[in-house]
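Here is a quick tour of a protein chain, starting from one pair of side chains and working outward. Have the model open and follow along.

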Amino acid sequence: MLLLIRVIVIFFVVSKVQAVVYTTRSIHDVENENVVSKAVEYINLVQQRKYPYRVVPPVIPFSSEAIDNKVGIHGKFIKFRPTEKTSGCFIAVVTREVCCI
């Protein structure tokens, strides 16, 4: 887990980065939600910026049926369990507000 957190943090160190999309084929929370949460917590603590990073729900078009049944949508993350046709996946978007462009 520590290595994954370090990899994510590298992207946040670049001052012009406004968003990072983190995706894995893992279905384990320790490799997904926990990694993203710890990376965001760490970089916000270290950088102490006016506009901290935060996890936001990905904007991906889902059918109204999928949204109603919460298929793939789990809070601020998108998760699909493995099936006969897919190996599953996890998607998180971390962004920060910009003060001026």
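Lysine 79 and glutamate 33 bring their side chains together in a salt bridge, with 2.6 Å from N to O. Glutamate 33 sits in helix H2 and lysine 79 in strand S4 (residues 77-80), so this pair ties together parts that are 46 residues apart in sequence. The structure holds 1 salt bridge. Bear in mind that this is a predicted model. Are the two partners buried or exposed? Lysine 79 is buried, and glutamate 33 is too.

Let's stay with the helix. H2 covers residues 33-47. At 1.5 Å a residue, its 15 residues should span 21 Å, and the end C-alpha atoms are indeed 21 Å apart, so the two values agree. The buried residues of H2 are Glu33, Val35, Val36, Ala39, Val40 and Ile43. Leucine 45, also in H2, goes the other way: this residue is exposed, since its relative accessible area is 60% and the cut-off for exposed is over 50%. Together with Tyr42 and Val46, Leu45 makes a nonpolar surface patch of about 320 Å². Just past the end of H2, glutamine 48 takes a positive phi of about 45 degrees.

Now for the strands. S5 (residues 89-95) pairs with S1 in the antiparallel sense, and S2 (residues 54-56) pairs with S5 in that sense as well. S4 and S5 also run antiparallel. Here are the pairings, each with one facing pair of residues:

| Strand paired with S5 | Bridges | Facing residues |
|---|---|---|
| S1 | 6 bridges | valine 21 and valine 93 |
| S2 | 3 bridges | valine 55 and valine 94 |
| S4 | 3 bridges | isoleucine 78 and isoleucine 91 |

How many of the 7 residues of S5 are buried? The count is 6, so the strand is mostly covered. S1 (residues 19-24), on the other hand, has two faces: Val20, Tyr22 and Thr24 make up the covered one, while Ala19, Val21 and Thr23 make up the uncovered one.

Threonine 95 belongs to S5 and is worth a closer look. Why does threonine 95 count as buried? Its relative accessible area is 16%, and buried means under 20%. Leaving aside residues up to four places away in sequence, threonine 95 touches Gln18, Ala19, Pro52, Tyr53, Arg54 and Val56. Of those, Ala19 is on the uncovered face of S1. The C-alpha atom of threonine 95 is separated by 9.6 Å from that of valine 40, though the two are 55 residues apart along the chain. Valine 40 is among the buried residues of H2.

Stepping back to the whole chain, there are 3 helices and 5 strands, and from the N terminus on they run α-β-α-β-α-β-β-β. Contacts across long stretches of sequence show up in the totals: of the contacts with a separation of 6 or more, 65% are between residues 24 or more positions apart. Of the 101 residues, 33% count as buried. The accessible surface comes to about 7,100 Å², and 62% of that belongs to carbon and sulfur atoms.

Terms used: Residues are numbered from 1 along each chain as its sequence is written. This is a predicted model: local features need pLDDT of at least 70, side-chain atom pairs count only at pLDDT 80 or more; totals for chains, interfaces and linings use all residues. Side-chain values use heavy atoms; hydrogens and water are left out. Helices (H or I, at least four residues) and strands (E, at least two) are DSSP runs, numbered from the N terminus. Buried means under 20% relative accessible area, exposed over 50%, partly exposed in between (1.4 Å probe, protein chains only). Contact means heavy atoms within 4.5 Å. Accessible areas come from the Shrake-Rupley method with a 1.4 Å probe; for residues, only the protein chains shown count as cover. Patches are made of residues with over 30% relative accessible area and no salt bridge: like charges are joined within 9 Å, nonpolar side chains (Val, Leu, Ile, Met, Phe, Trp, Tyr) within 5 Å. A salt bridge is a side-chain nitrogen of Lys or Arg within 4 Å of a carboxyl oxygen of Asp or Glu. Two strands pair if DSSP finds at least two bridges between them. The expected span of a helix is 1.5 Å times one less than its number of residues.
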